[in-house]
Amino acid sequence: AGTAAAAIAESICGECGAGKYSSEGASSCSKCDPGTYSASVGAIACVACEAGKWQGSKGSSVCVECVMDTYLATKGSDTNACQECPSGKFGSKSGASICSNCLAGKTSTLVRPFRCKNC
């Protein structure tokens, strides 16, 4: 009986779209909260944005990467809290969770793009 009921439910119940999720027995899909996303159809939960990414909207299927030379160390951010890399460090890519140190004898400029230069 359980197998037949599962087959009927699968054919009648539609899947939640990207940016939404539902638990078993839910009567409707729910939008992912800010700071989370669901990239796939039929999700049972939303995932927190990784460090280096954020999402301020409800019902998102992707998170926004911090731009190059900025970073965001925390997961699940619901605001653009990306910070510029401090002096002596630089961001080598967008979506960074940390900034890289300049090598000894070099420092970074305070104008983007931050690049390490000789002292």
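**Group meeting: a chain with five disulfides**

Let me start with one residue: Thr-70 is buried, at a relative accessible area of 4%. Thr-70 belongs to strand E7, which covers residues 70–71. A polar atom of the Thr-70 side chain sits 2.5 Å from the backbone oxygen of Val-67. Please keep in mind that this is a predicted model.

Now the chain as a whole. How many helices and strands are there in the chain? The count is 1 helix and 12 strands. Starting at the N terminus, the helix comes up at the beginning of the order, and the strands follow it. The chain has 119 residues, and 22% of them are buried. Its accessible surface is about 7500 Å², with 54% of that belonging to carbon and sulfur atoms. If we take the contacts with a separation of 6 or more, 36% of them are between residues 24 or more positions apart.

Next, confidence. The average pLDDT of the chain is 85, and 85% of the residues score at least 70. Which residues have a pLDDT that stays under 50? Those are residues 1–10, and for them the model has 0 contacts beyond four places in sequence. Where pLDDT is low, the predicted coordinates should not be read in detail. Helix H1 is given as residues 2–12, and the stretch under 50 is residues 1–10.

On to the disulfides. Searching the whole structure gives 5 of them. I will go through some of these, including the one between Cys-16 and Cys-29, where the S to S distance is 2.0 Å. Why is this disulfide called left-handed? The torsion about its S-S bond is about -95 degrees, and therefore the disulfide of Cys-16 and Cys-29 is left-handed. Cys-16 is in the loop between helix H1 and strand E1 (20–21), while Cys-29 is in the loop between E1 and strand E2 (30–31), so the pair ties together parts 13 residues apart in sequence. Are the two cysteines buried or exposed, or in between? Cys-16 has 3% relative accessibility and counts as buried. Cys-29 has 35%, and counts as partly exposed, because partly exposed is the range between 20% and 50%.

Another disulfide joins Cys-49 to Cys-63, with 2.0 Å from S to S. The angle about the S-S bond of Cys-49 and Cys-63 is -80 degrees, and the link is left-handed. What does this pair tie together? Cys-49 lies in the loop between strand E4 (47–48) and strand E5 (53–54), and Cys-63 in the loop between E5 and strand E6 (64–65), so parts 14 residues apart in sequence are tied together. Cys-49 is buried at 0% relative accessibility. Cys-63 is buried as well, at 15%, because buried means under 20%.

The last one I will describe is formed by Cys-85 and Cys-99, whose sulfur atoms are 2.0 Å apart. About its S-S bond we have -80 degrees, and the link is left-handed. Where do Cys-85 and Cys-99 lie? Cys-85 is in the loop between strand E8 (83–84) and strand E9 (89–90), and Cys-99 is in the loop between E9 and strand E10 (100–101), so this pair ties together parts that are 14 residues apart in sequence. Both Cys-85 and Cys-99 are buried.

To close, here is what to look for in the picture. Find strand E5, with Cys-49 in the loop on one side and Cys-63 in the loop on the other. Then find strand E9, with Cys-85 and Cys-99 in its neighbouring loops.

How values were computed: Residues are numbered from 1 along each chain as its sequence is written. This is a predicted model: local features need pLDDT of at least 70, side-chain atom pairs count only at pLDDT 80 or more; totals for chains, interfaces and linings use all residues. Side-chain values use heavy atoms; hydrogens and water are left out. Helices (H or I, at least four residues) and strands (E, at least two) are DSSP runs, numbered from the N terminus. Buried means under 20% relative accessible area, exposed over 50%, partly exposed in between (1.4 Å probe, protein chains only). Contact means heavy atoms within 4.5 Å. Accessible areas come from the Shrake-Rupley method with a 1.4 Å probe; for residues, only the protein chains shown count as cover. A disulfide is a pair of cysteine sulfur atoms within 2.5 Å. pLDDT is the predictor's confidence in each residue, from 0 to 100. A polar contact is a pair of N or O atoms within 3.5 Å; within protein, one must be able to donate a hydrogen and the other to accept it, and residues adjacent in sequence count only if both atoms are side-chain atoms.
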